[in-house]
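These are my notebook entries on one structure. I wrote down what I looked up, in the order I looked.

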Amino acid sequence: MVKLKKREKWLIASIIVLFVSVTLLTNFYGGADIYDYSDVAKYFSGEYPAKIRTSHSYLYGLIHTPFVDLFNSYLVFKITSLICLFLIVYSVYRISNRDKRALWLALLSPIVWYMAPWISPIQLSSLLFLWGWHFIKKYDSEKNLKKSVIYLFYSGSLIGFSWAFWDGILFFIPLLMLSFLYDSKLSHSVYFALFVLVGILPRLIIDHFLFGFAAVWVIVWLCER
């Protein structure tokens, strides 16, 4: 671990200012699927009279509803995107034991700059998944059984919450389980699946109240007991 020098801190601050300025000053909000999230926010704020039809999660649009309603602007999506991306950069730095090389690679990564203005849950979902990966890695190296299960809970619930925002995470979950749980007890794989279910519950509950899914009704009923 090498501490950042004063000159490096000033350079990082300058890059961040440039990053924020470029993101907020552009009128670009992304490409495909952006209306699947922005229209949901408008719908729940009462500004979208038509029915919404999307196969994506409604959770991301729902959490932005109060801000879209208050400011009557989609700018809040860019702000939350910036916050998530900065948290990803800082998380990479912390997880790498404050390795400056990891910090610079994350901060100057083209995909980070590209995704900043997008109305998309990928940024938030990636942040949650990153910490889910971190905790399952700690689980893999932990010898104490009680602590390992706690790390497994953190990982599963964070990854489930990540999935609640973006369906693409579903493709990574089996890979993660194969990488870290293939030689563990079968019970730990079951625990992990249950913890993922805990994380995705907010989305299932929203879908239940919006669409009345029977399977979700069972989960809600069990939680009420």
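Entry 1, surface. I began with the area that the protein chain exposes, about 13100 Å², of which carbon and sulfur atoms supply 68%. Accessible areas come from the Shrake-Rupley method with a 1.4 Å probe, and for residues only the protein chains shown count as cover. I noted that this is a predicted model, where local features need pLDDT of at least 70 and side-chain atom pairs count only at pLDDT 80 or more, while totals for chains, interfaces and linings use all residues. Residues are numbered from 1 along each chain as its sequence is written, and side-chain values use heavy atoms, with hydrogens and water left out.

Entry 2, the whole chain. I found 11 helices and zero strands. Helices (H or I, at least four residues) and strands (E, at least two) are DSSP runs, numbered from the N terminus. Of the 225 residues, 43% count as buried, meaning under 20% relative accessible area, with exposed over 50% and partly exposed in between (1.4 Å probe, protein chains only). I then took the contacts with a separation of 6 or more, and residues 24 or more positions apart account for 68% of them. Contact means heavy atoms within 4.5 Å.

Entry 3, helix pairs. Two packed helices are described by the angle between their axes and the distance between the axes. Axes are lines fitted to C-alpha atoms, for helices over the stretch in contact, and angles run from 0 to 180 degrees between N-to-C directions.

I looked up α1 (residues 6-25) and α5 first; their axes come within 12 Å and cross at roughly 20°. The two are therefore roughly parallel to each other; angles under 35 degrees count as roughly parallel, over 145 as roughly antiparallel, 65 to 115 as roughly perpendicular and the rest as oblique. On the α1 side I listed E8, L11, I12 and I15, which meet K100, L103, W104 and L107 in α5.

Next I took α8 (residues 145-165) and α10 (residues 186-211), which pack at about 40° with axes 6 Å apart. I therefore wrote them down as oblique to each other.

Entry 4, a loop. Which residues have a positive phi although they are not glycines? I found N97, at about 60°, and R98, also at about 60°. N97 has its place in the loop between α4 (75-95) and α5 (100-107), and R98 is found in that loop too. R98 counts as partly exposed because its relative accessibility is 29%.
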